[in-house]
Amino acid sequence: MATLTIRKDSKGTRIIKKSAGVVPTVNHYVWGLAEDVVRQQYTYRLTHYSEDMLREHSIQWYDPVTYKDYENLAKKVFGKYIKD
């Protein structure tokens, strides 16, 4: 999720570069009993997500990951631009 500050004044509208960044998110989903049916789907800020929530994520069925994997990926992709 991108974050930025937009300033509008007599000089015009512009993005304040120093405030721009990203907030890493997790698209959490849980499959239902029927094949290919999503029972629940939510988007969370990574900082509001937990290992307990991740255990219920259906990604664990075919590509097991840890919370640390998500943190490392966010750091690798977004680096110094991460905000919360």
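# Briefing: pocket, aromatic cluster and overall form

The largest pocket holds about 160 Å³ of space. The structure described here is a predicted model, and the mean pLDDT of its chain is 86, with 93% of the residues reaching 70 or more. The chain contains two helices and four strands, and a cluster of tyrosines, made up of Tyr42, Tyr44, Tyr49 and Tyr70, is described below alongside the pocket.

**The largest pocket**

- The lining of the largest pocket is formed by Val23, Pro24, Arg45, Leu46, Thr47, Tyr67, Glu71, Ala74, Lys75, Ile82, Lys83 and Asp84.
- Helix α2 contributes the most to this lining, giving four residues, and α2 covers residues 67–78.
- By residue class, the lining of the largest pocket consists of six nonpolar, five charged and one polar residue.

**The aromatic cluster**

- The count of aromatic pairs comes to four.
- In one of these pairs, the ring centres of tyrosine 42 and tyrosine 44 lie 6.2 Å apart with their planes at 50 degrees, and the pair is therefore tilted, since this angle falls between the cut-offs of 30 degrees for stacked and 60 degrees for edge-to-face.
- The rings of tyrosine 44 and tyrosine 49 also make a tilted pair, because their planes stand at 40 degrees, with the centres 5.7 Å apart.
- Tyr42, Tyr44 and Tyr49 belong, together with Tyr70, to one aromatic cluster.
- Tyrosine 42 has a relative accessibility of 42% and counts as partly exposed, and tyrosine 44, at 25%, likewise counts as partly exposed.
- Tyrosine 49, by contrast, is buried, because its relative accessible area of 5% is under the 20% cut-off.

**Overall form of the chain**

- Read from the N terminus, the order of the elements is β-β-β-β-α-α.
- The radius of gyration of the chain is 17 Å, which is well over the 12 Å that the globule rule gives for 84 residues, so the chain is more spread out than a compact globule.
- The C-alpha trace spans about 55 × 25 × 15 Å along its principal axes.
- Of the 84 residues in the chain, 24% count as buried.

**Confidence along the chain**

- Among the elements, helix α2 has the highest mean pLDDT, at 95, whereas strand β2, which covers residues 12–22, has the lowest, at 80.
- Where pLDDT is low, predicted coordinates should not be read in detail.

Notes. Residues are numbered from 1 along each chain as its sequence is written. This is a predicted model: local features need pLDDT of at least 70, side-chain atom pairs count only at pLDDT 80 or more; totals for chains, interfaces and linings use all residues. Side-chain values use heavy atoms; hydrogens and water are left out. pLDDT is the predictor's confidence in each residue, from 0 to 100. Rings of Phe, Tyr and Trp (its six-membered ring) pair if their centres lie within 6.5 Å; planes under 30 degrees apart count as stacked, over 60 as edge-to-face and the rest as tilted. Buried means under 20% relative accessible area, exposed over 50%, partly exposed in between (1.4 Å probe, protein chains only). On a 1 Å grid over the protein atoms alone, a cavity is a set of points where a 1.4 Å probe fits but cannot get out, and a pocket is an open set with protein on both sides within 12 Å along at least five of seven lines; lining residues have an atom within 4 Å of a point. Grid points are joined across faces, edges and corners, and a volume is the space filled by probe spheres set on the points. Ala, Val, Leu, Ile, Met, Phe, Trp, Tyr, Cys and Pro count as nonpolar, Asp, Glu, Lys and Arg as charged, and the others, Gly among them, as polar. The radius of gyration is taken over C-alpha atoms; the globule rule is 2.2 Å times the number of residues to the power 0.38.
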